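I opened the notebook on a new model today. I wanted its fold, its surface and its pockets on record.

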Amino acid sequence: MRNQRSKLLPMILAGLLGTPHCGAMCGGIAAGLGSHGPAEDAAYRALASNLGRVLGYGLAGALAGGLGAGLLGLLALPGLATGLRVAVGLVLLYTALRI
């Protein structure tokens, strides 16, 4: 229990510090989706698109966290975490060079 409490503050800080990123990246899309159609439905469309976005990110995070924690023993292979980090780093470098 003590170990999980020590992880709580970094998780909260990551969520709070990620908020401006989410607002900048998805705010315009959510506003654009909510601006078409009758004005009476604008609040519903904005709520639906943001709720779908938040639930989608939450589901993706839960899936990634579950797999990262060794769900069903799928990621219990030694060295796999290091290999995945290297692969992600290479993808980021490739993307940066393409841009």
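The entries below go from the whole chain to the pocket and then to a surface patch.

**Entry 1, the chain.** I noted at the start that this is a predicted model. I looked up the secondary structure and found three helices and zero strands. Reading along the sequence, I wrote the pattern down as α-α-α.

**Entry 2, burial and surface.** I asked what share of the 99 residues is buried. The value is 5%. I then took the accessible surface of the protein, which comes to about 8,200 Å². Carbon and sulfur atoms hold 74% of that area.

**Entry 3, the largest pocket.** I looked up the volume first and recorded about 160 Å³ of space in the largest pocket. Two elements each give two or more residues to its lining, α1 (2–34) and α2 (42–68). Which of the elements gives the most to this lining? I found that α1 does, with eight residues.

I listed the lining residues by name: Ala14, Gly15, Gly18, Thr19, Cys22, Gly23, Cys26, Gly27, Asn50 and Arg53. Sorted by class, the lining has three nonpolar, six polar and one charged residues. Glycine is counted as polar in this sorting, and the list includes Gly15, Gly18, Gly23 and Gly27. The charged residue is Arg53, since Arg belongs to the charged class.

**Entry 4, a nonpolar patch.** I turned to the surface and found a nonpolar patch of about 410 Å². Leu8, Met11, Ile12 and Leu16 make this patch. I checked Leu8 separately and placed it in helix α1, the helix that also gives eight residues to the pocket lining.

Is Leu8 buried, partly exposed or exposed? Its relative accessible area is 47%, so I entered Leu8 as partly exposed. The limits for that label are 20% and 50%. Patch residues need over 30%, and Leu8 at 47% passes that cut-off.

How values were computed: Residues numbered from 1 in each chain as written. Predicted model: local features only at pLDDT ≥ 70, side-chain atom pairs only at ≥ 80, totals over all residues. Heavy atoms only, no water. 1 Å grid on protein atoms, 1.4 Å probe; cavity = no way out; pocket = protein on both sides within 12 Å on 5 of 7 lines; lining within 4 Å. Points joined across faces, edges and corners; volume = space filled by probe spheres on them. Helix = DSSP H or I, 4+ residues; strand = E, 2+ residues; numbered from the N terminus. Patch = residues over 30% accessible without salt bridge, like charges linked within 9 Å, V, L, I, M, F, W, Y side chains within 5 Å. Areas by Shrake-Rupley, 256 points an atom, 1.4 Å probe, with all protein chains shown as cover. Salt bridge = Lys/Arg side-chain N within 4 Å of Asp/Glu carboxyl O. Buried < 20%, exposed > 50% of the residue type's maximum accessible area, 1.4 Å probe, protein only.
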